[in-house]
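This report describes a protein model, with attention to its helices, its interior and the confidence attached to it. Please examine the sequence and the structure before reading on.

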Amino acid sequence: MEKENTTKIKGEILLGIIFALELYALPVQFYLLLKNPEFTFFSAAVRFFSFFTITTNTIVFICSALLLFGGRSRANAFFKKCSTITAITVYILIVGIVFNLLLRPILNLEGHHLIVSEIFHTVVPVLFLFFWLFFVSPEKISFKVISYWLIYPIIYIIYTLFHGLATEFYPYPFIDATQLGFEIAIINGFFVLLSFVILSIILISIFRIKTKSYT
(Lines give C-alpha, C1' and ligand atoms only; values in the text may rest on other atoms or scores of the structure.)
Protein backbone atom coordinates (compact mmCIF):
# COMPACT_ATOMS: atom_id res chain seq x y z
CA MET A 1 0.00 0.00 0.00
CA GLU A 2 2.83 2.39 0.89
CA LYS A 3 4.53 1.63 -2.43
CA GLU A 4 1.28 2.34 -4.30
CA ASN A 5 0.87 5.67 -2.49
CA THR A 6 4.47 6.62 -3.29
CA THR A 7 3.97 5.75 -6.97
CA LYS A 8 0.74 7.77 -7.05
CA ILE A 9 2.45 10.79 -5.51
CA LYS A 10 5.33 10.58 -7.99
CA GLY A 11 2.83 10.39 -10.85
CA GLU A 12 0.97 13.43 -9.55
CA ILE A 13 4.23 15.36 -9.20
CA LEU A 14 5.08 14.56 -12.81
CA LEU A 15 1.59 15.61 -13.91
CA GLY A 16 1.98 18.79 -11.89
CA ILE A 17 5.20 19.62 -13.73
CA ILE A 18 3.53 19.00 -17.10
CA PHE A 19 0.54 21.12 -16.05
CA ALA A 20 2.80 23.98 -14.92
CA LEU A 21 4.84 23.90 -18.12
CA GLU A 22 1.71 24.05 -20.28
CA LEU A 23 0.20 26.75 -18.07
CA TYR A 24 3.26 28.86 -18.85
CA ALA A 25 3.90 27.96 -22.48
CA LEU A 26 0.40 28.13 -23.97
CA PRO A 27 -0.43 31.71 -22.85
CA VAL A 28 3.09 32.92 -23.68
CA GLN A 29 2.86 31.48 -27.19
CA PHE A 30 -0.52 33.15 -27.72
CA TYR A 31 0.83 36.46 -26.39
CA LEU A 32 3.78 36.27 -28.79
CA LEU A 33 1.38 35.74 -31.67
CA LEU A 34 -0.94 38.50 -30.48
CA LYS A 35 1.97 40.96 -30.50
CA ASN A 36 1.93 40.78 -34.30
CA PRO A 37 0.03 43.93 -35.40
CA GLU A 38 -1.45 42.02 -38.35
CA PHE A 39 -3.68 39.99 -36.04
CA THR A 40 -6.83 40.85 -34.16
CA PHE A 41 -7.59 38.78 -31.07
CA PHE A 42 -9.92 36.55 -33.09
CA SER A 43 -7.56 36.06 -36.04
CA ALA A 44 -4.70 35.36 -33.62
CA ALA A 45 -6.82 32.71 -31.89
CA VAL A 46 -7.66 31.07 -35.23
CA ARG A 47 -4.00 31.08 -36.23
CA PHE A 48 -2.96 29.83 -32.77
CA PHE A 49 -5.21 26.78 -32.90
CA SER A 50 -4.30 26.08 -36.52
CA PHE A 51 -1.15 24.34 -35.27
CA PHE A 52 -1.35 20.66 -34.34
CA THR A 53 1.32 21.42 -31.76
CA ILE A 54 -0.99 23.86 -29.98
CA THR A 55 -4.16 21.76 -30.13
CA THR A 56 -2.30 18.69 -28.89
CA ASN A 57 -0.49 20.51 -26.08
CA THR A 58 -3.87 21.97 -25.11
CA ILE A 59 -5.24 18.43 -24.88
CA VAL A 60 -2.27 17.46 -22.69
CA PHE A 61 -2.94 20.52 -20.51
CA ILE A 62 -6.63 19.62 -20.11
CA CYS A 63 -5.76 15.99 -19.41
CA SER A 64 -3.20 16.83 -16.73
CA ALA A 65 -5.52 19.41 -15.14
CA LEU A 66 -8.42 16.96 -14.91
CA LEU A 67 -6.27 14.11 -13.60
CA LEU A 68 -4.98 16.44 -10.90
CA PHE A 69 -8.11 18.42 -10.05
CA GLY A 70 -11.04 16.70 -11.78
CA GLY A 71 -12.28 14.74 -8.80
CA ARG A 72 -15.06 12.34 -9.74
CA SER A 73 -16.26 14.19 -12.81
CA ARG A 74 -17.13 12.34 -16.01
CA ALA A 75 -14.37 14.21 -17.82
CA ASN A 76 -11.85 12.99 -15.26
CA ALA A 77 -13.09 9.41 -15.66
CA PHE A 78 -12.66 9.72 -19.44
CA PHE A 79 -9.10 11.03 -19.21
CA LYS A 80 -8.19 8.38 -16.63
CA LYS A 81 -8.87 5.62 -19.14
CA CYS A 82 -5.76 3.79 -20.26
CA SER A 83 -6.95 4.04 -23.88
CA THR A 84 -7.42 7.81 -23.63
CA ILE A 85 -4.00 8.45 -22.10
CA THR A 86 -2.34 6.17 -24.63
CA ALA A 87 -3.98 8.03 -27.52
CA ILE A 88 -2.81 11.37 -26.10
CA THR A 89 0.68 9.93 -25.71
CA VAL A 90 0.67 9.02 -29.40
CA TYR A 91 -0.46 12.54 -30.35
CA ILE A 92 2.13 14.37 -28.27
CA LEU A 93 4.93 12.03 -29.37
CA ILE A 94 4.07 12.73 -33.01
CA VAL A 95 4.36 16.44 -32.20
CA GLY A 96 7.86 15.89 -30.87
CA ILE A 97 9.00 13.46 -33.56
CA VAL A 98 7.77 15.53 -36.53
CA PHE A 99 9.26 18.75 -35.15
CA ASN A 100 12.64 17.33 -34.25
CA LEU A 101 13.03 15.36 -37.50
CA LEU A 102 11.51 17.74 -40.04
CA LEU A 103 11.13 21.25 -38.64
CA ARG A 104 13.98 21.88 -36.21
CA PRO A 105 16.63 22.05 -39.00
CA ILE A 106 14.74 24.81 -40.85
CA LEU A 107 13.82 27.00 -37.87
CA ASN A 108 15.94 29.54 -36.05
CA LEU A 109 14.11 30.42 -32.85
CA GLU A 110 15.30 32.73 -30.09
CA GLY A 111 14.17 34.00 -26.70
CA HIS A 112 10.68 33.06 -25.54
CA HIS A 113 9.94 31.52 -28.93
CA LEU A 114 12.73 29.02 -28.34
CA ILE A 115 11.68 28.32 -24.74
CA VAL A 116 8.05 27.57 -25.52
CA SER A 117 9.04 25.57 -28.59
CA GLU A 118 11.28 23.31 -26.50
CA ILE A 119 8.49 22.87 -23.96
CA PHE A 120 5.93 21.97 -26.64
CA HIS A 121 8.12 19.78 -28.82
CA THR A 122 10.64 18.15 -26.48
CA VAL A 123 10.05 18.53 -22.75
CA VAL A 124 6.31 17.80 -22.60
CA PRO A 125 6.43 14.85 -25.05
CA VAL A 126 9.23 13.21 -23.05
CA LEU A 127 7.58 13.85 -19.67
CA PHE A 128 4.18 12.63 -20.85
CA LEU A 129 5.79 9.49 -22.27
CA PHE A 130 7.39 8.87 -18.87
CA PHE A 131 4.01 9.37 -17.17
CA TRP A 132 2.35 6.92 -19.57
CA LEU A 133 5.13 4.37 -19.24
CA PHE A 134 5.62 4.39 -15.47
CA PHE A 135 2.43 5.71 -13.87
CA VAL A 136 -0.46 4.46 -16.02
CA SER A 137 -1.69 0.99 -15.12
CA PRO A 138 -1.43 -1.05 -18.33
CA GLU A 139 -4.54 -2.57 -19.81
CA LYS A 140 -5.02 -4.77 -22.84
CA ILE A 141 -6.08 -2.33 -25.56
CA SER A 142 -7.57 -3.58 -28.81
CA PHE A 143 -5.84 -2.52 -32.02
CA LYS A 144 -9.31 -1.63 -33.31
CA VAL A 145 -9.27 1.58 -31.25
CA ILE A 146 -6.64 3.02 -33.60
CA SER A 147 -9.41 3.83 -36.09
CA TYR A 148 -11.01 6.05 -33.43
CA TRP A 149 -7.68 7.60 -32.44
CA LEU A 150 -7.16 8.67 -36.06
CA ILE A 151 -10.32 10.80 -36.08
CA TYR A 152 -8.52 13.76 -34.48
CA PRO A 153 -5.52 13.89 -36.88
CA ILE A 154 -7.74 13.21 -39.91
CA ILE A 155 -10.05 16.10 -39.02
CA TYR A 156 -7.01 18.29 -38.41
CA ILE A 157 -5.43 17.49 -41.79
CA ILE A 158 -8.71 18.01 -43.69
CA TYR A 159 -9.32 21.31 -41.91
CA THR A 160 -5.74 22.48 -42.52
CA LEU A 161 -5.82 21.70 -46.24
CA PHE A 162 -9.15 23.40 -46.89
CA HIS A 163 -8.42 26.29 -44.53
CA GLY A 164 -5.17 26.74 -46.42
CA LEU A 165 -6.99 26.85 -49.75
CA ALA A 166 -9.15 29.66 -48.41
CA THR A 167 -6.44 31.65 -46.63
CA GLU A 168 -3.18 30.46 -48.23
CA PHE A 169 -1.85 29.77 -44.74
CA TYR A 170 -0.42 26.36 -43.95
CA PRO A 171 1.12 25.82 -40.50
CA TYR A 172 3.59 23.20 -41.73
CA PRO A 173 5.64 23.13 -44.96
CA PHE A 174 5.02 19.44 -45.67
CA ILE A 175 1.29 20.08 -46.15
CA ASP A 176 1.64 23.44 -47.92
CA ALA A 177 -0.54 22.83 -50.98
CA THR A 178 0.38 26.23 -52.41
CA GLN A 179 4.07 25.31 -52.62
CA LEU A 180 3.83 21.55 -53.09
CA GLY A 181 0.55 21.11 -54.92
CA PHE A 182 -2.61 19.64 -53.43
CA GLU A 183 -1.77 16.07 -54.45
CA ILE A 184 1.66 16.07 -52.78
CA ALA A 185 0.20 17.71 -49.66
CA ILE A 186 -2.41 14.96 -49.41
CA ILE A 187 0.25 12.27 -49.88
CA ASN A 188 2.36 13.85 -47.12
CA GLY A 189 -0.73 13.97 -44.92
CA PHE A 190 -1.24 10.26 -45.57
CA PHE A 191 2.32 9.50 -44.44
CA VAL A 192 1.75 11.53 -41.28
CA LEU A 193 -1.37 9.45 -40.58
CA LEU A 194 0.64 6.31 -41.23
CA SER A 195 3.12 7.43 -38.57
CA PHE A 196 0.19 7.73 -36.14
CA VAL A 197 -0.84 4.16 -36.94
CA ILE A 198 2.68 2.77 -36.53
CA LEU A 199 3.28 4.57 -33.23
CA SER A 200 -0.15 3.50 -31.96
CA ILE A 201 0.64 -0.13 -32.75
CA ILE A 202 3.96 0.17 -30.91
CA LEU A 203 2.43 1.70 -27.76
CA ILE A 204 -0.52 -0.70 -27.67
CA SER A 205 1.90 -3.62 -28.12
CA ILE A 206 4.00 -2.39 -25.19
CA PHE A 207 0.97 -2.32 -22.91
CA ARG A 208 -0.24 -5.73 -24.13
CA ILE A 209 3.18 -7.17 -23.26
CA LYS A 210 3.11 -5.47 -19.85
CA THR A 211 -0.36 -6.84 -19.08
CA LYS A 212 0.84 -10.37 -19.88
CA SER A 213 3.83 -9.95 -17.56
CA TYR A 214 1.46 -9.04 -14.71
CA THR A 215 -0.72 -12.13 -15.17
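How far apart are the end C-alpha atoms of H8, and what span should its 17 residues have at 1.5 Å a residue? The 17 residues should span 24 Å, and the end C-alpha atoms of H8 are 24 Å apart, which agrees with the expected value. Within H8, the buried residues are Tyr152, Pro153, Tyr156, Ile157, Thr160, Leu161, His163 and Gly164. In an α-helix there are 3.6 residues a turn, so residues three or four places apart point the same way. Just after H8, Glu168 has a positive phi of about 65°.

**Confidence**

The model is predicted. Its average pLDDT is 93, and 97% of the residues score at least 70. Confidence is lowest in helix H1 (residues 2-34), where the mean is 90, and highest in H3, where it is 97.

**Annotated regions**

According to the unreviewed UniProt entry, the annotation "transmembrane region" covers residues 12-34, 46-70, 82-103, 115-136, 148-166 and 186-207. Two of these spans are described in the table.

| Residues | Helix | Strand | Distance between end C-alpha atoms |
|---|---|---|---|
| 12-34 | 100% | 0% | 33 Å |
| 46-70 | 84% | 0% | 28 Å |

**The cavity**

A search of the whole structure finds one cavity of 30 Å³ or more. The volume of the largest cavity is about 180 Å³. It is lined by 17 residues, of which Phe52, Val98, Tyr172, Phe174 and Val192 are the closest to its centre. Four elements each give two or more residues to this lining: helix H3 (52-69), helix H5 (82-103), helix H8 (151-167) and helix H10 (182-214). The greatest contribution comes from H5, with five residues. By class, the lining of the largest cavity has 14 nonpolar and three polar residues, and no charged residues.

**A residue of H3**

Ala65 is located in helix H3. Is Ala65 buried or exposed? Its relative accessible area is 18%, and because a residue under 20% counts as buried, Ala65 is buried. Ala65 may also be compared in position with Tyr172, one of the residues closest to the centre of the largest cavity. Ala65 and Tyr172 are separated by 107 residues in sequence, and their C-alpha atoms are 28 Å apart in space.

Conventions:
Residues are numbered from 1 along each chain as its sequence is written. This is a predicted model: local features need pLDDT of at least 70, side-chain atom pairs count only at pLDDT 80 or more; totals for chains, interfaces and linings use all residues. Side-chain values use heavy atoms; hydrogens and water are left out. On a 1 Å grid over the protein atoms alone, a cavity is a set of points where a 1.4 Å probe fits but cannot get out, and a pocket is an open set with protein on both sides within 12 Å along at least five of seven lines; lining residues have an atom within 4 Å of a point. Grid points are joined across faces, edges and corners, and a volume is the space filled by probe spheres set on the points. Ala, Val, Leu, Ile, Met, Phe, Trp, Tyr, Cys and Pro count as nonpolar, Asp, Glu, Lys and Arg as charged, and the others, Gly among them, as polar. UniProt positions are given in the numbering used here, feature names are shortened, and annotations may be inferred rather than shown by experiment. pLDDT is the predictor's confidence in each residue, from 0 to 100. The expected span of a helix is 1.5 Å times one less than its number of residues. Buried means under 20% relative accessible area, exposed over 50%, partly exposed in between (1.4 Å probe, protein chains only).
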